[in-house]
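Dear colleague,

I am handing over the structure that we spoke about, together with some notes on what was found in it. Please look through the structure first and then read on with it open beside you.

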Amino acid sequence: MHRGDLEDAQLIKNGDIMLGGVFSFHSSWENSEDNFKQKPQQLQCTRDFQFAQAMLFAIEEINNSTDLLPEITLGYKMYDACGFIARSVKVALALLNSNEIEASPSKACTRPAQVQVIMGETSSSPSAAIATAVGPFHIPMISHFSTCACLSDKTKYPSFLRTIPSDYYQSRALAHLVKHFGWTWIGAVRSNDDYGNNGMATFTETAQQLGICLEYSVSFFRTDPSDKILKIIEIIRTSTSRVVIAFLSHMDLDVLLHEFSINNLTGYQWVGTEGWMFDSQIAAMDRNHILDGAIGLSIPKAHVSGLREFMFNIKPLNSSNSDLFTQLWEALFDCKFNHSNSAEIQKQCTGEEDLTGVENSFTDMSLMPIFYNVYKGVYAVAHALHDILNCNKTCHNDVQLEPLTILQHLQRIRFKTKEGDEVYFNENGDPTAKYEIINWQRKENGMLNFAAVGLYDASLPADKQLDVKIGSTVWAKNSLQVPVSVCSEKCPPGTQKVLQKGRPICCFDCIRCAEGEISDSMDSVTCVRCPLESWSNENRDACIQKKAEFLSHKEIMGALLTAASLFGTCMTLAVAVIFVIYRKTPIVKANNSELSFLLLFSLKLCFLCSLTFIGQPSEWSCMLRHTAFGITFVLCISCVLGKTIVVLMAFKATLPRRNMMKWFGPTHQRVSVLGFTLVQVIICILWLTISPPFPSKNFEEYKDKIILECSLGSTVGFWAVLGYIGLLGMLCFICAFLARKLPDNFNEAKFITFSMLIFCAVWITFIPAYVSSPGKLSVAVEIFAILASSFGLLICIFIPKCYIMVMKPEENTKKNMMGKGAQK
């Protein structure tokens, strides 16, 4: 494959549309020439040459395509920036002005051509300088490896785009990764350039928000003197933190790692950026296992079909007698084409050596994700041009290309590569941020494996962005346990934090809380008085949470009482149905059917009101349970009292010259029931108005649990309600007792007497039982008293009558009711 001509590290190729490339591959050989003999398999010099080849591969692939830019040929001008910022700006301006730097006239383009887009640079600082220079002219610039977040500022760099995520996301991802492992006390080493300084600033800001403290943060640049490196080593060695964040470029770490190895700086957990985490050359240099177990971020793995074979085919460069080919070939195979007069003896280069048979930095494809970024950048330009030129089967060559137009189309472009990945730029000219979490794991054979142990995707919701598989991670010193790096251990329960003077908030002492106090949170910031519901005198180091207890429907006792209440309600309804069916029979008529039905209704309310006592007390349930109980029972007893008085009056009226029933007819009966009930209603209203019942927590009954109960509010009101019920009950009992000598065939008075005996016995025994029952048992006693007295009234008064109506209808006659049968 033809690459074009090379002269003085400058590549020129004719085409309809020109792309400019700015890389730093020539200076790499110069800077690393002293290292060739020491590490021939780890050549630093080939990286940018590989990036340039990825650009050429994409251009030739597009030129051979019939779908993208048909009949349009992409050309290129490529310059070597030699690793200097000033040189980068100089060659960028030369590209804009169609000038040639250090190129012989015979190698220049045969026709004038203006560069439309600049591809590169690799580092952030040169990219920032170039973007500043070309920005006013709206010349698009696409970088494949410049990650500084500062380049997202469109006011300073309006025409800058990139195919690698911004360090804004990487810095935040690193901070969340550190927090995920519980490291709150860390150190940091950064590159002293735009990449390191801006990246570490964002990391520090995010780390502070997450409660992470930096013990130290030092900067370094590869040209710094050796005494500064020794000072950095001393800072790391004397620190107490065991985790080091390395926000370094691979070139800076290359220098530092050599000094770390000499000083045996091992045992630290390194957390790295994509600048070096997946760099196989750095891994090969780490012979003393300084970085083993390192964890950090990398660009997700990628593959571009055909790129590897293209890169290995560099022999056509030799056709131009290029100095670049000569230097590259000699570096790759450690040979010389022409021996010098020096005493050093090297093997002769033939130019026919087999590149596929060697393993070095050039044949290493670990940087394929970055090559892919270059590839995507070239294709983004091609798709933008395809849209501008209205290409279908052919393109409109008469369209005038303007830099601003190309930039605007690039900012809106969205397409998929042949590998299936979608490419687009956001409003800041950045792609979607997605990183693999890489762990350096040393194999048994000594080879290093870049194991993927997680993923960070900034496009997902905040709680799902970080996904780490801790179980598959290997840490420093080949440990399987997550390292601990904290300034102070968490304070145990019963103590509080006291910050150490002059030190970060992560450094503190733990002071024991006073008696009856406990830490107010898991962080033990201050001591607070234990609340009554969770204080235990048996353990002042912790507030023991008491279990809340109340009579619940879910427990056995509550369920049984609920069932009894519902059964009583159903039984009352059944009796009412029977009375309705036999309402025209003598036994119903003789027993005052109106009061009977009203009594059945009140009994049903009595059964249902017991349900208000079951469940967790609330403000409304506390007020309802006692008042509903008091009113319904008074209504019930008033009906019984009315029936008793009716019986007495009926038999007294049969005596000569007595007409008592006219004083206690149906109207009087209704008024008496209403009057008796109204008195209780007034008592309840006064109770609720002056001091109503309310829910409360009883902490005194038990030490290990809280009793949720209803406080009476006004005890006078409560006993007034019960006293009035007792008064009516005694009055009813006396009236029934007076009617005990009535004819046997009329059972009403006898049954009322029995029912009131049961009623009085239940409520007399209720008082001592209620007072002596602890906790929720007192509520159960009250419910039992309500149900027992209700069942007593229902069974004694109504069941015998139902028995006669259903089982012995022959006795349900007027004659039998009047007592005119056989006399004793």
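I begin on the surface of this predicted model, where Leu678, Ile682, Leu686 and Ile690 together form a nonpolar patch with about 410 Å² of accessible area. A patch is built from residues with over 30% relative accessible area and no salt bridge, with nonpolar side chains (Val, Leu, Ile, Met, Phe, Trp, Tyr) joined within 5 Å and like charges within 9 Å, and the areas come from the Shrake-Rupley method with a 1.4 Å probe, where for residues only the protein chains shown count as cover. One member of the patch, Ile690, belongs to helix α18, which covers residues 666–690; helices (H or I, at least four residues) and strands (E, at least two) are DSSP runs numbered from the N terminus. Ile690 counts as exposed because its relative accessible area is 68%, given that exposed means over 50%, buried under 20% and partly exposed in between (1.4 Å probe, protein chains only).

Before going further, two notes on how to read the values. Residues are numbered from 1 along each chain as its sequence is written, and side-chain values use heavy atoms, with hydrogens and water left out. As the model is predicted, local features need pLDDT of at least 70 and side-chain atom pairs count only at pLDDT 80 or more, whereas totals for chains, interfaces and linings use all residues.

How confident is the predictor, on a scale that runs from 0 to 100 for each residue? The protein averages a pLDDT of 81, and 81% of the residues score at least 70. Confidence is highest in strand β7 (residues 160–162), at a mean of 97, and lowest in strand β1 (residues 5–7), at 34. Over residues 102–112 the pLDDT stays under 50, and the model gives this stretch 18 contacts beyond four places in sequence, a contact being heavy atoms within 4.5 Å. Residues 536–542 are also below 50, with 15 contacts beyond near neighbours in sequence. Where pLDDT is low, the predicted coordinates should not be read in detail.

As for the protein as a whole, it has 22 helices and 26 strands, and 53% of its 824 residues are buried. Of the contacts with a separation of 6 or more, 69% are between residues 24 or more positions apart. The protein exposes about 37,900 Å², of which carbon and sulfur atoms supply 57%.

Turning to the interior, the largest nonpolar core has 97 residues, and those with the most contacts inside it are Met55, Leu69, Phe203 and Phe371. Such a core is a set of buried Ala, Val, Leu, Ile, Met, Phe, Trp, Tyr and Cys residues joined through side-chain atoms within 4.5 Å. Helix α12 (residues 368–388) gives the most to this core, with 14 residues. Apart from its neighbours within four places in sequence, Leu69 is in contact with several residues, including Ile62, Leu74, Ala382 and Leu385. A second, separate core has 66 residues, among them Ile587, Phe629, Tyr770 and Ile804.

The search of the whole structure finds 8 salt bridges, each a side-chain nitrogen of Lys or Arg within 4 Å of a carboxyl oxygen of Asp or Glu. In one of them, the side chains of Arg222 and Asp252 meet at 3.2 Å, N to O, and this pair links distant parts of the chain, with Arg222 in the loop between β9 (213–220) and α7 (226–238) and Asp252 in helix α8 (residues 250–262), 30 residues apart. Arg222 is partly exposed at 29% relative accessibility, whereas Asp252 is buried at 0%.

Another salt bridge joins Lys301 and Glu436, whose closest N and O atoms are 3.2 Å apart. Here 135 residues separate the partners along the chain, Lys301 being in the loop between β12 (295–298) and α10 (307–312) and Glu436 in strand β17 (residues 434–442). Lys301 is exposed at 56% relative accessibility, while Glu436 is buried at 15%.

With best wishes
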